[in-house]
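Thanks for making the time this morning. I would like to take you through one model, beginning with its strands and then working outwards to its helices and charged pairs, so please keep the structure open in front of you while I talk.

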Amino acid sequence: MSVTERRTPPDELDLDAEREVDVRGWWEAVRARWWLPILGLLLGLAVGYALALGGGNVYRAEATLYLGQPFSPNGGAPVPGLATNPATVAEIVHSEAVLQRVADRSGMDLAKLRANVSSRQVSPPPGRRAVVGTTPLIEVGVIGSRANVTTRAANLLAEEVVQDVSPYVDDKIAAIKERISSDERELGSIDRRLGVAQQGLQEALANRGLGVTERLLLVSTFNSSIGFGEQARATVQQDLLEAKQALSLAENVEQPSIVERAAARKTTARSVGRSLAVGGLIGLILGLLAAILWEPAERRFRPGT
């Protein structure tokens, strides 16, 4: 039985050997001149830090928002809507119509405002996890060259967000307030009727021409009327209490609000951390290339070669 052997062509063997030699040579060059990558890294960090500081000072203003947690009309179950959609705030603050209104009212250039608006979810403190089912806080930020204009723009954007996500809760609060007003009017009407009945009884009893039987009949009728009136009053009073509790829930839990209004603080135009990372990486790469190309360049430019 003959065995057919597949032989690797000489060209492929030479190519693999050449690649192995090249990689090994690069590694040896880096090891021999290890100080070049380190020097490049340090110079890159220095240049990145200098660029970050030399980028000029700007102002950043951030407003913290609570989007609210709407419930069903009877308050029994959460209702999904704009406030519960995590993309809502980003869409609103980057809306062209919103940006134009804010730019006109704040005095900030529209193009600069469009390029320097951000929104993010506020992360929980280190060591704590976000509680499932709770509405997170959202931070809306603006970067600008003037402190007062930047602050005004951030606060106006926050107000736009609150206004856009609150129609359902606003209507609910209006309905609850109308319910409270109706209950209060009904209580006042009941109290007036009871007062009139009591006054009428007193005037009737003051009539000396009434006999004992008539007096007892009047008192019995009045007591029955008072009983019905007090029962109706208790029912309305209970509904009023429930309405006030629903109003408190809507205003303090369901309704979106601005937790902290924006205030400008001075910062650098470029992120220091990002500038250091980019500068250090570029410097390290240039140092590695310098270590690898050092010997070939030295041989090429050596006198007499």
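Strands β2 and β3 are joined by 5 bridges and run antiparallel, and if you look for a single point of register between them, V117 has V142 of β3 as its bridge partner. I should say at once that this is a predicted model. On the pairing with β1, which covers residues 57–66, there are 8 bridges to β3, and these two strands are again antiparallel; here T64 has E139 of β3 as its bridge partner.

How many of the 8 residues of strand β3 are buried? In β3, which spans residues 137–144, the number is 6, so the strand is largely enclosed by the rest of the structure.

From there, let me turn to the interior. The largest nonpolar core has 28 residues, and the ones that touch the most other members are L113, V142 and L157. At least two residues of this core come from each of β1, α3, α4, β3 and α6, and the greatest contribution is that of α6, with 9 residues. If you centre your view on L113 and set aside its neighbours within four places in sequence, you will find it in contact with L99, V102, A103, M108, V142 and A153. There is also a second, separate core, made up of 12 residues, and among them are I176, L187, L240 and A250.

Next, helix α4, residues 96–106. Its buried residues are V98, L99, V102, A103 and S106. Why do these residues lie on the same side of α4? The reason is that they cover an arc of only 130° around the axis. D104 and R105, by contrast, are exposed on the other side of α4. As for what the buried residues of α4 pack against, the partners are α3 (88–93), α5 (110–115), β2 (117–121) and α6 (147–165). Just after the helix, G107 adopts a positive phi of about 85°.

That leads to the charged pairs, of which I will pick out three. The structure holds 11 salt bridges. One of them links E160 with R101, where the closest N and O atoms are 2.9 Å apart. Because E160 lies in helix α6 and R101 in helix α4, this pair ties together parts that are 59 residues apart in sequence. The two partners are worth looking at separately: E160 is buried, with a relative accessible area of 6%, whereas R101 is partly exposed, with a relative accessible area of 38%.

A further salt bridge is formed by R185 and E178, and in this case the closest N and O atoms are 3.6 Å apart; E178 has a relative accessible area of 47% and is partly exposed. Then there is D191, which forms a salt bridge with R233, the closest N and O atoms being 2.7 Å apart. Since D191 lies in helix α7, residues 167–205, and R233 in helix α8, residues 212–254, the pair ties together parts that are 42 residues apart in sequence. D191 counts as partly exposed at 34% relative accessibility, and R233, at 26%, counts as partly exposed too. Finally on this topic, R60, E62 and R265 are joined into one network by salt bridges that share partners.

Let me step back to the whole chain. The protein has 9 helices and 5 strands, and reading along the sequence gives the pattern α-α-β-α-α-α-β-β-α-α-α-β-β-α. Of the 305 residues in the protein, 27% are buried. Taking contacts between residues at least 6 apart in sequence, 80% of them join residues at least 24 apart. The accessible surface of the protein comes to about 20,200 Å², and carbon and sulfur atoms account for 58% of that.

If you would like to go back to one place in the model, I would suggest V142, which is the bridge partner of V117 in the pairing of β2 with β3, is one of the residues touching the most other members of the largest nonpolar core, and appears among the contacts of L113.

Terms used:
Residues are numbered from 1 along each chain as its sequence is written. This is a predicted model: local features need pLDDT of at least 70, side-chain atom pairs count only at pLDDT 80 or more; totals for chains, interfaces and linings use all residues. Side-chain values use heavy atoms; hydrogens and water are left out. Buried means under 20% relative accessible area, exposed over 50%, partly exposed in between (1.4 Å probe, protein chains only). Helices (H or I, at least four residues) and strands (E, at least two) are DSSP runs, numbered from the N terminus. The arc is that of the directions from the helix axis to the C-beta atoms. Contact means heavy atoms within 4.5 Å. Two strands pair if DSSP finds at least two bridges between them. A nonpolar core is a set of buried Ala, Val, Leu, Ile, Met, Phe, Trp, Tyr and Cys residues joined through side-chain atoms within 4.5 Å. A salt bridge is a side-chain nitrogen of Lys or Arg within 4 Å of a carboxyl oxygen of Asp or Glu. Accessible areas come from the Shrake-Rupley method with a 1.4 Å probe; for residues, only the protein chains shown count as cover.
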